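I set aside a quiet hour for this one and kept my notes short. Here is what I looked up, entry by entry.

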Amino acid sequence: MDILKKFSLEGKTALVTGGAYGIGFAIAEGLAGAGAKIAFNCRGQEHLEKALAAYREKGIDARGYICDVTIEEEVAGLVQKIEKELGPVEILVNNAGIIKRIPMVQMSVEEFREVVDIDLTAAFITSKAVLPGMMERRRGKIINICSMMSELGRETVSAYAAAKGGLKMLTRNIASEYGAWNIQCNGIGPGYIATPQTAPLRERQADGSRHPFDRFIISKTPAERWGTPEDLMGAAVFLASEASDFVNGHILYVDGGILAYIGKQP
Ligand code: NAP
Ligand code: GCO
């Protein structure tokens, strides 16, 4: 048996939400490397154009669309366009997300709702848009990008942790409700990854020293480094491929060992 064929995504269409840069871009690149046709979305024309150029530089003929994943009508239109241009969405990666680092007692309800809307409700919206087609074809892959905060809390990220904890359970519920249609819904839980989203946590201090949070993460990670978006490619290809057909409702943590480690003695 050619076991590598189990990891092939040849001819399958993947939608990566928020795939203009960061983790989404790297996951899309990895899926393309395994043969998938790539569709991605973001909210801004400038990000879209930069992303299309970046995909072309990588030799990837990605299709990009402007779509806000919190707006059901926009998502419905996105899926229709992709199905028309690339074919049915067989792989959905719910990656789009934001974070607001604000102490809970200072956070407004609107700010809390915005984070939950994008990081959790949007995954419900996009999954609901692709599930009927997956059910009809009796196969499909949904991958939700969870987080360390699906398991752990920390100061200032109450909305984000609530959303990512909910996303873990939405993942398990989709797996439970649609497994009978040969649809697998799993999560990837990245550790601390060097992207624009975490740039504020890695900024050099005025004296040129590392950010205290940067030093903290290094001390909490057995790998003694931040992850890169590319570290997530293999997990994404695995969960998008036939190789994971009997894996369902699982959150695969790609965190350099943070969740296993008490942390280095100061
Ligand atoms: P990022 O660099 O901030 O990228 C986020 C992406 O989401 C951008 O492409 C952004 O595009 C898009 N986006 C945000 N809101 C959107 C909306 N309403 N509709 C459509 N697109 C939207 O973040 P990242 O670090 O790559 O993180 C990607 C995912 O991984 C997020 O879900 C994040 O929570 C999760 N994660 C990140 C880390 C980490 O350490 N970086 C670790 C664990 C999990 P536009 O702004 O142009 O729309
Ligand atoms: C933070 C970070 C984290 C990461 C990621 C960790 O402020 O703690 O942004 O939330 O983004 O989610 O897995």
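**Entry: α4 and α5.** I started with helix α4 (residues 109-137) and helix α5 (residues 158-178) in this predicted model. Their axes come within 8 Å and cross at roughly 15 degrees. Angles under 35 degrees count as roughly parallel, so I put α4 down as roughly parallel to α5. The crossing in which α4 passes α5 is right-handed.

I then listed who takes part in the contact. From α4 I noted Phe-112, Val-115, Val-116, Asp-119, Leu-120, Ala-123, Phe-124, Ser-127, Leu-131 and Met-135. From α5 I noted Ser-158, Ala-159, Tyr-160, Ala-162, Ala-163, Lys-164, Gly-166, Leu-167, Leu-170, Ile-174 and Tyr-178. Sorted by class, the contact of α4 with α5 has 16 nonpolar, 3 polar and 2 charged residues.

**Entry: α1 and α7.** Next I turned to helix α1 (residues 22-33) and helix α7 (residues 233-240). I found that their axes come within 8 Å and cross at roughly 55 degrees. α1 and α7 are therefore oblique to each other. I marked their crossing as right-handed.

On the α1 side I wrote down Ala-26, Ile-27, Glu-29, Gly-30 and Leu-31, which meet Met-233, Ala-236, Val-237 and Ala-240 in α7. The residues of this contact divide into 7 nonpolar, 1 polar and 1 charged.

**Entry: α1 and α2.** I stayed with α1 and looked at helix α2 (residues 45-57). The axes of α1 and α2 come within 12 Å, and I read their crossing angle as roughly 35 degrees. This crossing, too, I noted as right-handed. In α1, Gly-24, Phe-25 and Ala-28 meet Ala-51, Ala-54 and Tyr-55 in α2. I counted the classes for the contact of α1 with α2 as 5 nonpolar, 1 polar and no charged.

**Entry: ligand 1.** Which residues are the closest to ligand 1? I found 29 residues surrounding ligand 1, with Arg-43, His-47, Asn-95, Tyr-160 and Thr-195 the closest. Then I checked some polar contacts. An N or O atom in the side chain of Arg-43 is 2.7 Å from an oxygen atom of ligand 1. Gly-18 takes part through its backbone, with an N or O atom 3.0 Å from an oxygen atom of ligand 1. At Val-69 I noted a polar backbone atom 3.1 Å from a nitrogen atom of ligand 1.

**Entry: ligand 2.** Which residues come nearest to ligand 2? There are 14 residues around ligand 2, and I wrote down Arg-101, Ser-147, Arg-154, Tyr-160 and Tyr-192 as the nearest. Tyr-160 is thus a name I met in three entries: in the contact of α4 with α5, among the closest to ligand 1 and among the nearest to ligand 2.

For the polar contacts, I began with Arg-101, where a side-chain N or O atom is 2.6 Å from an oxygen atom of ligand 2. The backbone of Pro-190 has an N or O atom 2.9 Å from an oxygen atom of ligand 2. Gly-191 offers a polar backbone atom 3.2 Å from an oxygen atom of ligand 2.

Definitions and conventions. Residues are numbered from 1 along each chain as its sequence is written. Chains are lettered from A and ligands numbered from 1 in the order in which they are written. This is a predicted model: local features need pLDDT of at least 70, side-chain atom pairs count only at pLDDT 80 or more; totals for chains, interfaces and linings use all residues. Side-chain values use heavy atoms; hydrogens and water are left out. Axes are lines fitted to C-alpha atoms, for helices over the stretch in contact, and angles run from 0 to 180 degrees between N-to-C directions. Helices (H or I, at least four residues) and strands (E, at least two) are DSSP runs, numbered from the N terminus. Angles under 35 degrees count as roughly parallel, over 145 as roughly antiparallel, 65 to 115 as roughly perpendicular and the rest as oblique. A crossing is left-handed if the near helix is turned anticlockwise from the far one by less than a right angle, and right-handed if clockwise. Contact means heavy atoms within 4.5 Å. Ala, Val, Leu, Ile, Met, Phe, Trp, Tyr, Cys and Pro count as nonpolar, Asp, Glu, Lys and Arg as charged, and the others, Gly among them, as polar. A residue is near a molecule or strand if one of its heavy atoms lies within 4 Å of it. A polar contact is a pair of N or O atoms within 3.5 Å; within protein, one must be able to donate a hydrogen and the other to accept it, and residues adjacent in sequence count only if both atoms are side-chain atoms.
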